[in-house]
Amino acid sequence: MTGTDPPGAVPGAMGPLDPDRDASDTADLQESLRELAALVTGSLGLQDVLQHVATFAVRAIPGADGAGVTLLSAERGGGQVLAASHPFVAEIDEIQYATLNEGPCITAALERRTVRSGSLGGEKMWPRFGPRVGRLGVHSALSLPLLLAERAVGAINVYSREKDAFDDRAAELGELFAAPAAVAVHNAQILAQAQELTAQLQSALSSRPIIDQAIGILRGRNGGSADEAFGKLRAISQADHVKLVDVAQHIVDEAVRRARARHAQS
Amino acid sequence: MRIPSALAADLALLTDALDVGTVDIASTVSLLTSDVAAAVSSYAGLSLRLSLSSGDVELTTLDDVDVVARILTSLRVPVTPATTGPSVVIVLYATRLGAFVDVAADLAWLTDRTLGDVGLDTDLGARIHAHPVTSLRSLSSVDQAIGVLVGRGHTAEEALVELEALAARAGSDRYAAALVTLAPLPPTGVVYDTE
C-alpha cells in the first residue's frame, strides 16, 4: 500500500507485478499526459479542460470505468462537479455532493490525500454514500486530490464497477496523472475567472457614464445626493421592469431632445 | 486577500451599473485573487487598467507602498479583448522574480499564444501605482456634471466643452470643474418629476 491508504481501503489488493501490464499501464499514462499537455494548445475553456482531464484519467488509470473532476472552493460554496467522462459518474458525484455531502472526493480534498475503496457497498468510512453507490453497481472508487502547494483545488474521482479495481499501482499512476492535471485545471480556472471579470467590467463600464449623466440630470432638477438620485433610477427600473441603463438612457435622451428643441427655437 | 476600501467603493459603483442582482464584481476580484494566490505564493496583488472614452482609470488591490516596492515581476493576463467598448487589462504582480513563468506558459497555451505574446514583466517600474492616478469616482463626477449641464439645456457635447472651459478658467482639470458644478446643488431632494 502507498502511504495514502484510507481507513476502509482494501489491503493487499496489489498482486504480483506483471511486466507486460506494467509497460502497458505506463504507456497509457504517458499517452494521457501527452494529451493533457496538448489539450492546452487549442484555446480551450475551463469546461473543455475539465472534460478532457476526466476522459484522459480513465485512460491513464488502470481499472477505471469512468472519472469526474470536481473543483473545490470555500468561496464558491464547496464542491462543484464540473465534468464527467460518463453519465453514471455525474450521477454518483451528484449523490456525493448534493445529496449526502459524504464520499471519497470530499475525504480526499479535506485530508489532501489519495483515497480508495474496493468495496463501496460495505465501506464504513462513508456509511451512506458507499451502500447507495454499491446498489448502482459501482464498487470501487479512487479519489485523487488536485494539489497545489498550499491547498487542494479539487479532485479527480475515478470509479469502477469491479470490486478491488484499484491497487497500489493504479493509485501511483493516478497520482502521477493528478499532479500536472492540478496545475492545468487551476490555471484554466484563473483564466476563466479573469475572462469573467473582464466581461463584467466591460459591461459595467459601458453603462456607468449614461447612468451618471442621468444622476446628474436628476440632481440638477431635484437636488439631493448621487445616492438618492441613483435610488430614484433604481426605483423606476424596478417599478417599470426596465433595465436601469435603459431608464437612464431615456432620461438623458429626453433632456438632450429638449435642449436641441430649445436651440432650434432660439 | 483584502480589497482596499477605495477599490471596494469603485467596484461597488460598477456593480450598481451592472444591475444584475446576483453579480458582485468585488467577489469576482476576490475569487481571482484567491486563485492566483494559490498558484503563486509571492503574489502581491492586481491592477485593473480601464480605458474609457472619458479617460483611463487604474483600479488596484495594491495599497501598501512597502509591498509595491518589493514587486519584481508582473503578468498581463491574456484575455481576449472585446471588439468594441471599454478596454480592460488585468495585471498580476508578485514579489519573487520568475514567479509567473509557469502560469504565463499555461495561459499562453490556453489562449493559443506564444509565451512572447503574453505580457510577462511588461508592467513594472513607473507603471505600478499604489494609488490610482484617476479614480473611477472622479470620472463618475464628471459624467454627473455633464448630466447637470444637459439638464440646463446643453447638449452632451456642449456640456463637455463647458466643463473644459470652466477648468481652463480656474487653471484646474475636468474633475475639479465637475465638483464646482455639482457643489451648489441643493442637498435635499424634492418630489421627483420626470417632466
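**Exercise 1. Strand β3 of chain B and its surroundings**

Task: In this predicted model, determine which residues lie on each side of strand β3 (residues 73-76) of chain B, and whether they are buried or exposed.

Solution: Begin with the two faces of the strand, where T73(B) and L75(B) lie on one side while S74(B) and R76(B) lie on the other, and all of these residues are buried, which leaves both faces of β3(B) covered. This division fits a general rule, since in a regular strand the side chains alternate between the two faces of the sheet.

Next, consider the partners of the strand. With strand β4 (residues 87-94) of chain B, β3(B) pairs in the antiparallel sense over four bridges, and R76(B) is found opposite V91(B) of β4(B). With strand β5 (residues 119-120) of chain B, the strand β3(B) is joined by two bridges, again running antiparallel, and here L75(B) is found opposite L120(B) of β5(B).

**Exercise 2. The sheet of chain B**

Task: Establish the order in which the five strands of the sheet in chain B are arranged, and state which strands stand at its edges.

Solution: The strands form an open sheet with antiparallel pairing, and their order is β2-β1-β4-β3-β5 (chain B). The edges are taken by β2 (55-60) and β5 of chain B, each of which has a single partner strand, so one side of each is left without a neighbour in the sheet. A helix of the other chain also belongs to this picture, for α6(A) packs on the sheet, touching β1 and β4 of chain B, and its direction makes about 140 degrees with that of β4(B).

At the β2 end of the sheet, β1(B) and β2(B) run antiparallel and are joined by six bridges. These two strands form a hairpin with two residues between them, and L52(B) stands opposite G55(B) in β2(B).

**Exercise 3. Helix α6 of chain A**

Task: Check what end-to-end span should be expected for helix α6 (residues 168-222) of chain A, and compare it with the model.

Solution: At 1.5 Å a residue, the 55 residues of the helix should span 81 Å, and because the end C-alpha atoms of α6(A) are 75 Å apart, the model agrees with the expectation. The course of the helix is then worth following, as a kink of about 30 degrees lies at R208(A), shortly before the proline P209(A). Just after α6(A), the residue G223(A) takes a positive phi of about 75 degrees.

The environment of the helix completes the solution: 41 of the 55 residues of α6(A) are buried, and therefore the helix is largely enclosed by the rest of the structure.

**Exercise 4. D227 of chain A**

Task: Decide whether D227(A) counts as buried or exposed.

Solution: The residue is located in helix α7 (residues 226-240) of chain A. Inside 10 Å, D227(A) has 10 C-beta neighbours, and because a residue with 12 or fewer is classed as exposed, D227(A) counts as exposed. For its position relative to A255(A), which is 28 residues apart from it along the chain, the separation of the C-alpha atoms is 20 Å.

**Exercise 5. Contact between the chains**

Task: Describe how many residues of chain B are in contact with chain A, and which element of chain B supplies the largest share.

Solution: The contact involves 58 residues of chain B and 61 residues of chain A. On the side of chain B that touches chain A, at least two residues each are supplied by α1 (5-18), α2 (25-39), β1 (43-52), β4, α4 (101-110) and α5 (136-151). The largest share, eleven residues, comes from α2(B). Sorted by class, this side of chain B has 35 nonpolar, 16 polar and seven charged residues.

**Exercise 6. The two chains side by side**

Task: State how many helices and strands each chain has, and what percentage of its residues count as buried.

Solution: Chain A has eight helices and five strands, whereas chain B has seven helices and five strands. Of the 266 residues of chain A, 51% count as buried, and of the 195 residues of chain B, 39% do. As a last step, take the contacts between residues at least 6 apart in sequence: in chain A, 63% of them join residues at least 24 apart, while in chain B the share is 61%.

Definitions and conventions. Residues numbered from 1 in each chain as written. Chains lettered and ligands numbered in written order. Predicted model: local features only at pLDDT ≥ 70, side-chain atom pairs only at ≥ 80, totals over all residues. Buried ≥ 20, exposed ≤ 12 C-beta atoms within 10 Å, placed from the backbone. Contact = placed C-beta atoms within 7 Å. Expected span 1.5 Å × (residues − 1). Bend = angle between axes of the 7 residues up to and from the residue. Pairing = 2+ DSSP bridges. Nonpolar A, V, L, I, M, F, W, Y, C, P; charged D, E, K, R; others polar. Axes fitted to C-alpha atoms, helices over the stretch in contact; angles between N-to-C directions.
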